[in-house]
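Biologist: Before we talk about any detail, could you show me the chain and its fold, so that I can ask how each label was earned?

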Amino acid sequence: MSGSGGRSTGRGGAGYAANSYRTHALVLRTYKLGEADRIIVLLTPGHGQIRAVAKGVRRTTSKFGATLEPFMLSRLQLVHGRNLDIITQAESVTPYGQWIAQDYDAYSAASAMVETAERLTVSDIAEVSENGGGVEAPSQYRLLHGALAALARGTHAPRLLLYSYLLRSLATAGWAASFTTCSRCGAPGPHRSVNVTLGGSVCDDCRPPGSATPDPATVELLAALQSGRWEVADAAPDQASREAAGIVSGYLQFHLERHLKSLSVMDQSP
Ligand SMILES: [Zn+2]
């Protein structure tokens, strides 16, 4: 045992023990690595986004089983590696992935959710320390956890859960849309026009040329999705849901400056 205490982790122990940590994690995405390994992209409550290696996970005999598949909530033990951390233990907490995979619409919605979560939390990869990552990480984790749980339970239409999640995760990232007051001058609405580059609804005085004029039911739906008024959202007509999809997608793309593959799939579904 080394008494020199070269590490200042403050967690006691030496070597392996001092270098390991435990966390709950939602699996966002996986990549193949080498012959049998994968890189697992995770969102955690206290460490933000983590990319970690799961060794041997693609072998049928892997001890990890399905715990590291997308949308799963697992409890992990990891050790710090030179570049990426390494997952040494994984147990399933709630198998959201197994439930979501049984429904195509839920699966598509969950795919767009985790893709967005990955983008919105990516900035704190490098800086994440033992004492917590980015400020938004716990909120983004809670939002995604809630959304995946609702998809798995089938409490609302998957597409509405997706739009609500996107609006709320963007708001958490600092890009809150407004579908009640005017985004520019704050005049109370509802207003006829929507302009995603200005942040949502705009009054007739602020409305730039080229702003959209969606059906009033669509604006009401968007406001309901953002504030979680599900009794309003669930009762919205299909036409409003379709029109809301385009506005949420436009708003997301404006802020992420990149087209989301999974979201464009949702746009095209009937
Ligand atoms: Zn205005």
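**Salt bridges and how they are judged**

Modeller: Let us begin with Glu-115 and Arg-119, whose side chains meet in a salt bridge with 3.7 Å from N to O; please keep in mind that this is a predicted model.

Biologist: Why is the meeting of Glu-115 and Arg-119 called a salt bridge?

Modeller: The cut-off is a side-chain nitrogen of Lys or Arg within 4 Å of a carboxyl oxygen of Asp or Glu, and the N to O value for Glu-115 and Arg-119 is 3.7 Å, so the pair satisfies the rule. Both residues lie in helix α3, four residues apart, which is about one turn of the helix. An α-helix has 3.6 residues a turn, so residues three or four places apart point the same way.

Biologist: Is Glu-115 buried or exposed, and how do you know?

Modeller: Glu-115 has a relative accessible area of 14%, and because buried means under 20%, Glu-115 is called buried. Arg-119, with 25%, is partly exposed, because that class covers values between 20% and 50%.

Biologist: How many salt bridges are there by this rule, and which residues are linked in a network?

Modeller: The count comes to three salt bridges, and Arg-29, Arg-51 and Glu-118 are linked in a network of them. Glu-118 forms a salt bridge with Arg-29, where the closest N and O atoms are 2.9 Å apart. Since Glu-118 lies in helix α3 (residues 104-121) and Arg-29 in strand β1 (residues 20-33), this pair ties together parts that are 89 residues apart in sequence. Arg-51 also forms a salt bridge with Glu-118, the closest N and O atoms being 2.7 Å apart. Here Arg-51 lies in strand β3 (residues 48-54) and Glu-118 in helix α3, so the pair ties together parts that are 67 residues apart in sequence.

Biologist: What makes Glu-118 count as buried, and how are Arg-29 and Arg-51 classed?

Modeller: Glu-118 has 7% relative accessibility and therefore counts as buried, the limit being under 20%. Arg-29, at 35%, is partly exposed, and Arg-51, at 22%, is partly exposed as well.

Biologist: Turning to His-145, where is it placed, and what makes its link with Tyr-96 a polar contact?

Modeller: His-145 is in helix α4 (residues 137-153), and its side chain makes a polar contact with the side chain of Tyr-96 at 2.9 Å, which fits because the cut-off for such a pair of N or O atoms is within 3.5 Å. Not counting residues up to four places away in sequence, His-145 touches Leu-26, Leu-73 and Tyr-96. The C-alpha atoms of His-145 and Leu-26 are separated by 7.5 Å, although these residues are 119 residues apart along the chain. At 23% relative accessibility, His-145 counts as partly exposed.

Biologist: How do you know that the span of helix α6 agrees with its number of residues?

Modeller: At 1.5 Å a residue, the 12 residues of α6 (residues 216-227) should span 16 Å, and because its end C-alpha atoms are 17 Å apart, the two values agree. At the N-terminal end, Asp-215 caps α6, with a side-chain oxygen 2.8 Å from the backbone nitrogen of Ala-217. After α6 comes Gly-228, whose phi is positive, near 75°.

Definitions and conventions. Residues numbered from 1 in each chain as written. Predicted model: local features only at pLDDT ≥ 70, side-chain atom pairs only at ≥ 80, totals over all residues. Heavy atoms only, no water. Helix = DSSP H or I, 4+ residues; strand = E, 2+ residues; numbered from the N terminus. Buried < 20%, exposed > 50% of the residue type's maximum accessible area, 1.4 Å probe, protein only. Contact = heavy atoms within 4.5 Å. Polar contact = N/O pair within 3.5 Å; in protein donor to acceptor, adjacent residues only side chain to side chain. Expected span 1.5 Å × (residues − 1).
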